[in-house]
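Thanks for coming, everyone. Please have the sequence and the structure open while I talk, and stop me whenever a term is unclear.

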Amino acid sequence: MKNIQEDRLIWLDGKIVPLHEATINVLSPTSQFGANVFEGIRCYWNEEEGQLYAFRLAEHYKRLKNSMKIFQMEDKYPIDLLKQSLIDVVKANNYKEDIAVRQTVFIDGLGSWSSKGPVNMFVAPIAKHRSDLTMNKGMRCCVSSWERISDRNISPKVKVGANYINSRMAQIEALNNGYDSAIFMNNQGKVSEGPGSCIFIVRDGKLLTPPITASILESITRDTVLELAKEYLKIEVAERDIDRTELYVCDEIFLCGSAIEIAPVTNVDGIDISCAKPGDLTKAIHKIYIKAVTGKISAYKRWLTSIYA
Ligand SMILES: Cc1ncc(COP(=O)(O)O)c(C=O)c1O
């Protein structure tokens, strides 16, 4: 594993520099108020092809631009530049393993929390191997006592740094109480999502997930799972409101996200789900997801961008 922390190269303001030179002004609105929007993008190494594949860049950049629009930041980065900066910095680090890339557009300068600019960007890759531990063991979650932020106060659709205070409160509460993570309810009292992931449940063979109006991030992994389940595995899927008690009586639950991938939840609020083991459908979706992201299903190569020419 290369470039674990300190010796990484970072793209900042058009230059590729060592991590210790990638510094930001302490008085900028990004460091004072979390005034930044970002994407967490995965790239997967395909050993047979000797290729590193970035996953669903078009969808990540569409969401990044939507975040900038809602957050009202100057949008000065064309898609080609967003993409090229990621490719250049990953290549500069010569990664030949699974990685995660943090691409952040932030408010620089000496303004306040309402400044729209000046806008700057960094792109920071890091080695991140797949964790089969969560897949084998499953997670114990609680329903959080914290409510998910909503579109009427701080929209969960904007992937802005400051939104993660809400996730932080839920995650810390869960860990303090001996759980692995949390599940949020929204202001309508319906199941929303995890602190950094979306949620799916299985009831009577049908895959269910809250709609995009349920105070969730419009997750790229959620969209990927819906497509793989419907089109590849031919499973019936529905986007509908989910009640808290459905979590207790459903057959399977999993969280999903670029970072967590597909993570089974085997206990909620002390109640076992699927006999406290990852369910069969969750395992099938995990298997197909990993094949798709690593370029092993030709139909889904359209989601991948080759890093090395
Ligand atoms: C709150 C929240 N929900 C869902 C997700 C999953 O989104 P994606 O699948 O696009 O990574 C994330 C990922 O960062 C998140 O922070």
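Let me begin with one contact between a charge and a ring: the charged end of Lys 96 sits over the ring of Tyr 308, 5.4 Å from the ring centre. By "sits over" I mean that NZ of Lys or CZ of Arg is within 6 Å of the ring centre and within 35 degrees of the ring normal.

Before going further, I should say that this is a predicted model, in which local features need pLDDT of at least 70, side-chain atom pairs count only at pLDDT 80 or more, and totals for chains, interfaces and linings use all residues. Residues are numbered from 1 along each chain as its sequence is written, and side-chain values use heavy atoms, with hydrogens and water left out.

Now to the sheet. It is an open sheet of seven strands with antiparallel pairing, and the order is S2-S1-S6-S5-S3-S4-S15. Strand S2 (15–18) and strand S15 (304–306) stand at the edges with a single partner strand each, so one side of each is left without a neighbour in the sheet. From one strand to the next, the twist averages 25 degrees. Two strands pair here if DSSP finds at least two bridges between them, and the helices (H or I, at least four residues) and strands (E, at least two) are DSSP runs numbered from the N terminus.

How many bridges join S5 and S6? These two strands pair in the antiparallel sense over nine bridges, and Ala 100 stands opposite Ile 126 in S6. S1 and S6 pair in the antiparallel sense over two bridges, with Leu 12 opposite Phe 122 in S6. S6 is mostly covered, since seven of its nine residues are buried, where buried means under 20% relative accessible area, exposed means over 50%, and partly exposed is in between (1.4 Å probe, protein chains only). Towards the S15 edge, strand S4 (residues 51–55) pairs with S15 in the antiparallel sense over three bridges, and Tyr 53 stands opposite Ser 306 in S15.

Helix H3 (residues 79–93) lies across all of these strands, among them S6, to which it runs at about 40 degrees. For such angles, axes are lines fitted to C-alpha atoms, for helices over the stretch in contact, and the angles run from 0 to 180 degrees between N-to-C directions; contact means heavy atoms within 4.5 Å.

Let us turn to the aromatic rings. The structure holds seven aromatic pairs, and rings of Phe, Tyr and Trp (its six-membered ring) pair if their centres lie within 6.5 Å, with planes under 30 degrees apart counted as stacked, over 60 as edge-to-face and the rest as tilted. One of the pairs is Phe 38 with Tyr 164, which is tilted, at 5.4 Å centre to centre and 50 degrees between the planes. That pair links distant parts of the chain, with Phe 38 in strand S3 and Tyr 164 in helix H5 (residues 164–176), 126 residues apart. Phe 38 counts as buried at 8% relative accessibility, whereas Tyr 164, at 28%, is partly exposed. Phe 106 and Phe 122 form another tilted pair, 6.0 Å centre to centre with 45 degrees between the planes. Phe 106 lies in S5 and Phe 122 in S6, so this pair ties together parts that are 16 residues apart in sequence, and Phe 106 is buried at 1%.
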